[in-house]
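User: I am new to this structure and would like to understand how the chain is organised. Please take me through it step by step.

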Amino acid sequence: RQAAYAEMRDVEPFTRCGTRITVMINAGLRDDMSMLAMTGADGVGLFRTEFQFLVSATLPQRERQTRLYRDVLEAAGDKPVVFRTVDIGGDKAVPYLVNEEIEREENPALGWRALRLALDREGLLKAQARALLEAAAGRTLNVMFPMVSEPWEFDAAKAVFEDQLAYLKARRKLLPEAIRYGAMLEVPALAEVLEQMVPRLSFLSVGTNDLTQFLFAADRADPRLAERYDWLSPAILRFLKRVTNGLAGQSVDLGVCGEMGGRRLEALALLGIGFRRFSITPASVGPIKELIRKVDLAEITEAMQAWLANPPANMRTEMTLWAERHGI
Ligand code: PEP
Ligand code: MG
């Protein structure tokens with residue numbers, strides 16, 4: 001595996017037709033940052049800040065959070081890092097937050113989690129906002145909110161950051177050079193109000209793990225369902241196509257950060273749908289770069305258009321044959 005990393009590390013992910021695709025990694029621990037150099041990825045497209053909360057027996061103090069975020073940014077050097085605010089609650093329950101409310105939930109994936117919990121426990125989000133703002137002093141801070149379901153949730157979360165920013169400003173602290181706010185698209189309802197989100201967003205990142213669980217109403221953690229629905233289904237692909245259409249020509253950086261982007265045929269489909277930014281598990285960076293270099297975007301875009309207009313009986317089979325025919 002080391003050899004595979006090394007071979008593709010310095011290869012830039014240009015498509016056969018000459019378009020530079022952005023390939024970043026998903027991370028969550030200090031130690032993951034070594035993967036940036038090892039894979040030659042363009043940055044961290046998803047830093048799951050909840051890892052620190054999950055491995056801790058008590059709520060991580062703000063100073064500890066600041067230290068982690070600072071270390072992560074230092075390790076990233078000039079490369080960007082997108083910090084996702086805590087995605088805990090639901091099935092990612094942490095001992096110090098477990099209470100009756102969480103334990104009683106029948107559908108934790110649909111429950112009081114992620115941004116929903118963070119907005120209700122404002123102290124938690126405040127501390128995290130301050131930690132991120134302080135850690136990113138003098139740099140660009142990329143903040144991403146998980147599980148945004150309606151625009152006001154995004155606004156409320158951003159307001160917490162802006163309050164903390166004002167606090168630091170009043171105390172003449174060194175501030176981030178710029179703050180870019182983004183959201184994850186993982187709740188289908190958000191896609192229906194995309195035009196309301198556009199003016200609010202610097203970037204939008206599709207979380208296909210949760211998005212597909214919600215589209216198919218299929219628990220992502222249930223092994224009996226793991227193989228039942230295919231990411232290469234017309235329902236998912238058409239949904240994603242509407243998203244790329246909706247953001248075409250807009251100033252929002254659109255990417256995908258779910259596991260779907262790390263699989264070869266799925267990545268090919270995403271390229272055909274219009275995605276140009278991927279954040280994936282480090283082990284997938286080499287294989288996905290290799291794939292990208294074989295792709296002609298006009299060809300796969302045209303093929304995808306035809307498949308979505310008139311879905312084949314089995315999309316995966318069809319795409320496998322197509323990929324073979326095109327030397328991919
Ligand atoms: C997702 O839902 O696709 C995602 C990237 O976030 P997580 O897997 O952490 O829920
Ligand atoms: Mg998710």
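User: What share of the contacts in the protein chain with a separation of 6 or more comes from residues 24 or more positions apart?

Analyst: The model is predicted, with local features needing pLDDT of at least 70, side-chain atom pairs counting only at pLDDT 80 or more, and totals for chains, interfaces and linings using all residues. Residues are numbered from 1 along each chain as its sequence is written, and chains are lettered from A and ligands numbered from 1 in the order in which they are written. Two residues are in contact if their C-beta atoms, placed from the backbone, lie within 7 Å. Among contacts with a separation of 6 or more, the share from residues 24 or more positions apart is 70%.

User: How much of the protein chain is buried?

Analyst: A residue is buried if 20 or more other C-beta atoms, placed from the backbone, lie within 10 Å of its own. Of the 328 residues, the buried share is 39%.

User: What are the spans of the C-alpha trace along its principal axes?

Analyst: The C-alpha trace of the protein chain was fitted with principal axes. Along them it spans about 60 × 45 × 40 Å.

User: How are H4 and H7 oriented to each other?

Analyst: Helices are DSSP runs of H or I, at least four residues, numbered from the N terminus. Helix H4 (residues 62–76) and helix H7 (residues 122–135) pack at about 40°, their axes 8 Å apart; axes are lines fitted to C-alpha atoms over the stretch in contact, and angles run from 0 to 180 degrees between N-to-C directions. Angles under 35 degrees count as roughly parallel, over 145 as roughly antiparallel, 65 to 115 as roughly perpendicular and the rest as oblique. H4 and H7 are therefore oblique.User: Which residues of H4 make the contact with H7?

Analyst: On the H7 side, the contact is made by residues including Ala 127 and Gln 128. On the H4 side, they are Arg 62, Gln 65, Thr 66, Tyr 69, Arg 70 and Leu 73.

Technical notes. Helices (H or I, at least four residues) and strands (E, at least two) are DSSP runs, numbered from the N terminus. A residue is buried if 20 or more other C-beta atoms lie within 10 Å of its own, exposed if 12 or fewer, and partly exposed in between; C-beta atoms are placed from the backbone.
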